[in-house]
Amino acid sequence: MWQLYQFPLCPFSRKLRLLMGEKNIAYELVRENPWEGRDEFWQLNPAGRTPVLHEGARGVTLSDSQAICEFLEETVERNPMINGSAVNRAEIRRLTALFDENLHGDVTAPLLHERMKKRLIYRQPPDSRVLREAMKLAHGHLDYIDWLVDTRPWIGGATLSLADLACAAQISVADYLGGIDWKGHDQSRHWYSVMKSRPSFRPMLSEKMDGLPPPKHYADVDL
Ligand SMILES: N[C@@H](CCC(=O)N[C@@H](CS)C(=O)NCC(=O)O)C(=O)O
């Protein structure tokens, strides 16, 4: 069986877990805190980052969420998540990169640093200026997501795709860390509540990072 090395608030591991859930691929979770720099983990992924997907029996070790998602798309046909015409697939990949890079860089990464790493690792208070800026930038991203779900059935086009999963993964971590204010973003809020009620999403909502509880609304499907 696949083993997925991850920690509960890694958005890229969440993206992969959502894809594996949608495709009904079995896996077991292995807890990994990449910042601890375990030698065995660096041997699996010289980049020292989660997620890593490993299957000992076949001797297969994969890393980088996008490389792993593309691998699973190529090898498991059911429930394709990068689907449609070549133009549709390019659009799904464009949006996935936008969420993995821009939404993560502007919002999720600063929130993870200020609210998770500083609390659990460095024992420092968060910098409120950095938090304010991340939450301000979150509104810009939510405006764009509002527009996307206003103009098409799902974020990446006509069907659920990796773009929805990548976006929901980043938003869910930002929401856990108290960085999402849904006021004025009804379209995004509705889309996110549909995502939250999917069976692929449910297991993640009950998981907690030790010493860092989520806000009350976090696991509530109706927000
Ligand atoms: N592009 C990579 C990014 C992975 C990444 O940045 N993972 C973070 C955790 S969310 C990490 O392992 N950071 C190293 C650390 O915190 O020391 C992917 O998509 O897998």
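## Naming and model

Helices and strands here are DSSP runs, numbered from the N terminus; a helix has at least four residues and a strand at least two. The structure is a predicted model.

## Two domains

The domain assignment splits the protein chain into domain 1 (2–75) and domain 2 (86–205). Their C-alpha centres are 20 Å apart. Contacts link the two domains: 17 residues on the domain 1 side meet 25 residues on the domain 2 side.

## The β1–α1–β2 unit

Strand β1 covers residues 2–6, and strand β2 covers residues 27–31. The two run parallel and are joined by five bridges. Within this pairing, Leu4 sits opposite Leu29 of β2. Helix α1 provides the link, with the chain passing from β1 through α1 into β2. The resulting β-α-β crossover is right-handed.

## Two backbone features

Most residues other than glycine have a negative phi, and most peptide bonds are trans. Two places in this chain depart from those habits.

The bond between Thr50 and Pro51 is a cis peptide bond, with omega at about 5 degrees. Pro51 belongs to the loop that runs between α2 (39–44) and β3 (52–55). Asp64 is not a glycine, yet its phi is positive, near 80 degrees. Asp64 is placed in the loop between β4 (60–63) and α3.

## The largest pocket

The largest pocket holds about 530 Å³ of space. Its lining consists of 24 residues, and those closest to the centre are Cys10, Phe12, Arg49, Thr50 and His104. Three elements each supply two or more lining residues: α1 (11–22), α3 (65–75) and α4 (86–122). Helix α4 is the main contributor, giving seven residues. By class, the lining has 11 nonpolar residues, eight polar and five charged.

Where does the largest pocket lie with respect to the domains? Domain 1 (2–75) and domain 2 (86–205) both contribute to its lining, so the pocket lies between them.

## Links between the features

Some names recur. Helix α1 carries the crossover from β1 to β2, and α1 is also among the elements that give two or more residues to the pocket lining. Thr50 is one partner in the cis peptide bond, and Thr50 is also listed with the residues closest to the pocket centre. Helix α3 bounds the loop that holds Asp64, and α3 too gives two or more residues to the lining.

Methods
Residues are numbered from 1 along each chain as its sequence is written. This is a predicted model: local features need pLDDT of at least 70, side-chain atom pairs count only at pLDDT 80 or more; totals for chains, interfaces and linings use all residues. Side-chain values use heavy atoms; hydrogens and water are left out. On a 1 Å grid over the protein atoms alone, a cavity is a set of points where a 1.4 Å probe fits but cannot get out, and a pocket is an open set with protein on both sides within 12 Å along at least five of seven lines; lining residues have an atom within 4 Å of a point. Grid points are joined across faces, edges and corners, and a volume is the space filled by probe spheres set on the points. Ala, Val, Leu, Ile, Met, Phe, Trp, Tyr, Cys and Pro count as nonpolar, Asp, Glu, Lys and Arg as charged, and the others, Gly among them, as polar. Domain bounds come from an automatic or database domain assignment. Two strands pair if DSSP finds at least two bridges between them. A crossover is right-handed if, with the strands pointing away from the viewer, the path from the first strand over the helix to the second runs clockwise. Contact means heavy atoms within 4.5 Å.
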